[in-house]
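Visitor: I have a model open and would like to talk through how the chains sit together. Can we go over it?

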Number of protein chains: 2
Amino acid sequence: MFNIAKVLADIEADSDQNIDLLADLLKIKSISTIPDYADECYRAAVWLKAFLDSFGMDAIIYESEGHPIVFSNYQTSRPEAKTILFYGHYDVQPVDPVSLWDSDPFDPVLSSIDNEPCIIARGASDDKGQLLTFLIALKYIKDEAGELPFCLKIILEGEEECGSKTLPIFLEDYKDKLSADIAYVCDTGMWDKDTPAITRSLRGLLSEEFKIIGPDRDLHSGEFGGVAWNPIRIITKILSDVYDDEGKVTIPNFYDGVNEVNESIINSWEKLSFNEAEYLSKIGQKSSSGETGRSIFEKTWSRPTFEINGIFGGYTDEGTKTVIPSEANAKITCRLVGNQNPEKILENIHKYIKSSLPDGVQVIFDGADHCRAIEFDTDSYYFQSASEAIEEEWGVSPVFTGGGGSIPVVEAFKTLLNMDTVLIGFALDDDRIHSPNEKYNISSYVKGIKTWARVIAKYQ
Amino acid sequence: MFNIAKVLADIEADSDQNIDLLADLLKIKSISTIPDYADECYRAAVWLKAFLDSFGMDAIIYESEGHPIVFSNYQTSRPEAKTILFYGHYDVQPVDPVSLWDSDPFDPVLSSIDNEPCIIARGASDDKGQLLTFLIALKYIKDEAGELPFCLKIILEGEEECGSKTLPIFLEDYKDKLSADIAYVCDTGMWDKDTPAITRSLRGLLSEEFKIIGPDRDLHSGEFGGVAWNPIRIITKILSDVYDDEGKVTIPNFYDGVNEVNESIINSWEKLSFNEAEYLSKIGQKSSSGETGRSIFEKTWSRPTFEINGIFGGYTDEGTKTVIPSEANAKITCRLVGNQNPEKILENIHKYIKSSLPDGVQVIFDGADHCRAIEFDTDSYYFQSASEAIEEEWGVSPVFTGGGGSIPVVEAFKTLLNMDTVLIGFALDDDRIHSPNEKYNISSYVKGIKTWARVIAKYQ
């Protein structure tokens, strides 16, 4: 048992010291995609191991072909203690174009933007600042209580920005040591600087490409126009008929497994400060596509899509060529939600396309791949206790948002370890992640540390 | 006045001598697309001038930047004589791949294919053999009658296979000397070796390309999928909706000016020996596209089309990219018939596309070009007299076919000189025009000469 009020006060009092700690880590140029920076990645791993060891986490450095993973496997003496897993990544994006930075990307600068103090450096927000919020909270509690109130596995990866090739090898290798009741990941954002968020779902992905073959060679449109089956015409018909007039996908049984988000969450979304026209104008649009009667939140967080990512066929160079091509190609992806079954959907897409072909016209499918959507039960103990902890720190309850895309590590935890993940992060939309002058607000950092301390305190 | 029976008998008797004449012309390597053969093109022009001069046609060689045009302007003394114009081309296609020829492409060989005597050489059918059928007929009649029964302009071009750049300059230059009652062109084919044909129409062409712009930059389909207006989706919808379920084009007023072909011509098409399944299997198809209830003849000769010649947008390389692109592009052409007005149709295509765009989505049009369809009145004196002459020679009346594509010189005659063209030719589908081992049947050649003699005799 420990005194959380004292922990929070200590964290607040030690702000400058903790900022120095972050600045120290930010000086390491751990760009994972550029081979020349491999030593720097290793240095970052060593730095983190030393920090974890400083409060008794006994970290190891796991090495495979790529950049190392820092791993701790901490046992508490508490009876019936839960086991939790924490994930973060220490690698950062490249810094080019360097000329657009106002300061050296690896020489952190304290500054202030719109009266908000912040620290500017590559990795400040993604993900060095974020991962330290959790690790520092652990340290304060460990120091205060003598031990942690749970068993803990920490995975700090060095290849998140370059495809995470080592991670699956590690997960397979350490499978027996990784089972936990819940995972926490600190690599997401807040709704805005006053509104914390927990990501409750991530959309899955189904990708496929296909080729329609009409005549057996390119034909002259004068001689054969009106008789030849133009595969571009056929592919446009197939793709166009995928949507009805309400923007719903017409593939049979496509919506099987799509759950309506419960009303309290929908209500919380509707209360968010959000200007739809402004949101759309940022992408150069005046209106929004998608299903009639659904909000932007639903469309991007809780509804599936069928998207055409690429199309090509016939003559595509300068000028005119009166050709009826033999082939036309499309690349599509579906974003999936809830319990949508990618295999079934793919099967139904294949059936639909085959049934749309005139007699003698052929289709060749190529390259199907998929991962399922993830949707967590926000009524569970872990989401509810995290929500309470966040509300205590921020004065407002967090919004349960959705993630439009997927986060591979979260899917791996679900698939390989059958473990849910609570995604909490303190990044802001204006943090310029992956861009020049990346920053992390001091309030995100300090209140982030305190938030995690409160989340951890729930386990007492 | 002259004795046509004697002329026909003389032509028949002199067959070997006339074949030698063709062989002589075929030895000249007048490949117009390859600059190295410019001298050979000039030699062919000189050869033709000499031949024309041999029966008093007083030809000139018209030179501009490209290969020369041989031109005759013959005046008859007959009162109230008609004026006719004849067009042919002396240039030929390249011969590569030479290895696929069974003999030297420029050393003509007499052979027999399926018991049909023929002459094999580049240009035998396209167009040296064909143009000589007309010129030799003229010579026999001039020799027999002392003068021709009409005023005559002869245009023999040397750039038909490489874009006819000199022709429009010549037509403009000689405009005042070219007016005639009718033009004859001998550069088309028979329906089959027993069924002669006159081409009664040529389809026009309207070309356009356009770009649909959705979001103002490429977006991530995870973040914006379900909200962003994917321009590929919009362009596929636009293009797909251009056709109704019966294969008709839905652009408003598209069919204005499309005439139904008169019943007697349709009946003559239906009587032709034609195996639809065989025709389709030659292009690798089992069924035919186009308008429900229309025959293959109508679809390719007398009905307009809307064809998508090219489409491209988004990611088109290997693998998957979860992008919602900013742009999608299409290139389209319409084949036009009858009195369809390309300007009006283009305007209606533009209106249709604009009206199909969601609010804020844009379209940019680029590159519209067009030429009108040409349709001749087959009830006119020239078509009827040619038809009678052909029936006398071949024992069956010619079928009035359509041309699916356009023939620029015919369009130029119509546009610049307001003159119809009777397209008569004796080429056959198996003549291997533009391919190795090009041939021309001796029957096409000799009966071709006699056919033209009979056509000319109608002017007595």
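**Chain contacts and a small sheet**

Guide: Sure; this is a predicted model. In it, 63 residues of chain A are in contact with 64 residues of chain B.

Visitor: Which elements of chain A give two or more residues to that side?
Guide: Among them are α7 (231-240), α10 (296-302), β11 (305-314), β13 (327-336) and β14 (362-371) of chain A. β11(A) gives the most, with nine residues.

Visitor: And how do the residues on that side divide into nonpolar, polar and charged?
Guide: On the side of chain A that touches chain B there are 19 nonpolar, 30 polar and 14 charged residues.

Visitor: Back to β11(A): in what sense does it pair with β11 of chain B?
Guide: Antiparallel, over five bridges. Gly310(A) stands opposite Gly314(B) in β11(B).

Visitor: What turn lays chain A on chain B?
Guide: A turn of 180°, with a shift of 0.1 Å along the axis, and the RMSD is 0.2 Å. That is the relation of a two-fold axis. The same surface serves both copies, as 100% of the contact residues of chain A recur in chain B.

Visitor: Changing topic: what is the strand order in the open sheet of chain B?
Guide: The order is β4-β5-β18, with antiparallel pairing. β4 (109-113) and β18 (439-441) of chain B are the edge strands, each pairing on one side only. From one strand to the next, the twist averages 35°.

Visitor: Which residue is the bridge partner of Ile120(B) in β18(B)?
Guide: Lys439(B). β5(B) and β18(B) pair over three bridges.

Visitor: What lies across those two strands?
Guide: Helix α14 (residues 442-457) of chain B does, running at about 55° to β18(B).

Methods
Residues are numbered from 1 along each chain as its sequence is written. Chains are lettered from A and ligands numbered from 1 in the order in which they are written. This is a predicted model: local features need pLDDT of at least 70, side-chain atom pairs count only at pLDDT 80 or more; totals for chains, interfaces and linings use all residues. Copies are superposed by least squares on the C-alpha atoms of residues with pLDDT of at least 70 in both. Two residues are in contact if their C-beta atoms, placed from the backbone, lie within 7 Å. Helices (H or I, at least four residues) and strands (E, at least two) are DSSP runs, numbered from the N terminus. Ala, Val, Leu, Ile, Met, Phe, Trp, Tyr, Cys and Pro count as nonpolar, Asp, Glu, Lys and Arg as charged, and the others, Gly among them, as polar. Two strands pair if DSSP finds at least two bridges between them. Axes are lines fitted to C-alpha atoms, for helices over the stretch in contact, and angles run from 0 to 180 degrees between N-to-C directions.
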